[in-house]
Amino acid sequence: PHGYDGIPDARVAELAKAVRELPGPIYIHCHHGKHRSPAAASVACIAAGMIAPDDGLAVLKLAGTSPNYRGLFDSTREAHPLDAALLDTLDVDFRATVEVAAMAEAMVTIEHMHDHLRAIEQEGWKPLADHPDIEPAHEALMLREHFTELLRTDEVEAESRDFRQLLEDSETAAERLEQVLRADDVDEQQASRSLAQISGKCTQCHQQFRDVPIGEKRTHKPPR
């Protein structure tokens, strides 16, 4: 695995060795299927000498990779063929599964819940016809709980104050959304405002922390 901020050189070499030596066909996947995995496929095939470096960005364009993920484009743009002898001698432990970091796993769950709430909003804050088991107020409660639990982790505690503040703001907005959705007469505008606040905080956090290219992170670390 790798992040939205780009692909480290060591991981590029591992990916190249994988596509060069493992039995195919090889399936490379990610959460959305159009951002990290096309970048991984591009740098792997460039580094393994399977496609020309100039063709890498075309793969991202074809897949619909968001230009907001500048690190993925940087990694693809900077990829180059690696020496075959280097790949031959590279020692890689190709494991069947890799444990996902707790924060990454929590963020995936949060995104699913956020998507559910956006769909519920489109239905006038009513349960979804194809997902009657998803109750709006309870989904907002579970979203708030995930923000709360994240804030209790050592991983988040080690992050900057700005990062934690964005999570706290999202937690507050999710709590407010739950309260609105539990009312007998749901204030749809207030519910939409609360969800928009959560969406905005997520976008702000991604832009400020998750999506900053690896090269820029090396030269600048936000104050804690």
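**Figure 1. The order of the helices along the chain.** Reading this predicted model from one end of the sequence to the other gives the pattern α-α-α-α-α-α-α-α-α-α-α. In other words, the protein chain has eleven helices and zero strands. If you trace the C-alpha atoms, they span about 70 × 45 × 30 Å along the principal axes. Of the 224 residues in the chain, 38% are buried. Take the contacts with a separation of 6 or more: 69% of them join residues 24 or more positions apart.

**Figure 2. The surface and its charges.** The protein chain exposes about 13,200 Å², and carbon and sulfur atoms supply 51% of that area. There are 24 positive and 40 negative charges, and the mean positions of the two groups are 4 Å apart. Keep these charges in mind as you look at the next views.

**Figure 3. A negative patch around D187.** Which residues form the negative surface patch? They are D184, D185, D187 and E188. Within this group, D187 sits in the loop between α9 (161-181) and α10 (188-210). D187 counts as partly exposed because its relative accessibility is 39%.

**Figure 4. A salt bridge between distant parts of the chain.** Here R70 pairs with E216 in a salt bridge, and the closest N and O atoms are 2.7 Å apart. R70 belongs to helix α4 (residues 70-78) and E216 to helix α11 (residues 214-219), so to speak two distant parts of the chain, 146 residues apart. Are the two partners buried or exposed? R70 is partly exposed, with a relative accessibility of 38%, and E216 is also partly exposed, at 36%.

**Figure 5. Further salt bridges.** The whole structure holds 13 salt bridges. One pairs R161 with E168, with 3.0 Å between the closest N and O atoms. R161 is partly exposed at 34% relative accessibility, and E168 is partly exposed at 25%. Another pairs R182 with E178, where the closest N and O atoms are 2.8 Å apart. In this pair R182 is partly exposed, at 46% relative accessibility, whereas E178 counts as buried because its value is 11%, below the 20% cut-off for buried residues. Elsewhere, K17, R20, E21 and D88 are joined into one network by salt bridges that share partners.

**Figure 6. T76 and the residues it touches.** Now look at T76, a residue of helix α4. Is T76 buried or exposed? T76 counts as buried because its relative accessibility is 1%. Which residues does T76 touch, leaving aside those up to four places away in sequence? The list is A39, S42, V43, I46, G56, L57 and L60.

**Figure 7. A158 in its loop.** A158 lies in the loop between α8 (154-157) and α9. With a relative accessibility of 44%, A158 counts as partly exposed. How many residues along the chain separate A158 from H206? They are 48 residues apart, and their C-alpha atoms are separated by 17 Å.

**Figure 8. A nonpolar patch on the surface.** L22, I26 and F94 come together here as a nonpolar surface patch. Their combined accessible area is about 240 Å². L22 is in the loop between α1 (9-21) and α2 (36-47). A relative accessible area of 36% makes L22 partly exposed.

**Figure 9. A cis peptide bond in the loop between α1 and α2.** Most peptide bonds are trans. The bond from G24 to P25, however, is cis, with omega near 0 degrees. P25 lies in the loop between α1 and α2, and L22 from the previous view is found in the loop between α1 and α2 as well.

**Figure 10. A positive phi at W125.** Most residues other than glycine have a negative phi. W125 is not a glycine, yet its phi is positive, about 60 degrees. Where is W125 found? Look in the loop between α6 (102-122) and α7 (136-151). Although W125 sits in a loop, W125 counts as buried because its relative accessibility is 5%.

Note on methods. Residues are numbered from 1 along each chain as its sequence is written. This is a predicted model: local features need pLDDT of at least 70, side-chain atom pairs count only at pLDDT 80 or more; totals for chains, interfaces and linings use all residues. Side-chain values use heavy atoms; hydrogens and water are left out. Helices (H or I, at least four residues) and strands (E, at least two) are DSSP runs, numbered from the N terminus. Buried means under 20% relative accessible area, exposed over 50%, partly exposed in between (1.4 Å probe, protein chains only). Contact means heavy atoms within 4.5 Å. Accessible areas come from the Shrake-Rupley method with a 1.4 Å probe; for residues, only the protein chains shown count as cover. Lys and Arg count as positive and Asp and Glu as negative; His and the chain ends are not counted. The place of a charge is taken as NZ of Lys, CZ of Arg, CG of Asp or CD of Glu. Patches are made of residues with over 30% relative accessible area and no salt bridge: like charges are joined within 9 Å, nonpolar side chains (Val, Leu, Ile, Met, Phe, Trp, Tyr) within 5 Å. A salt bridge is a side-chain nitrogen of Lys or Arg within 4 Å of a carboxyl oxygen of Asp or Glu.
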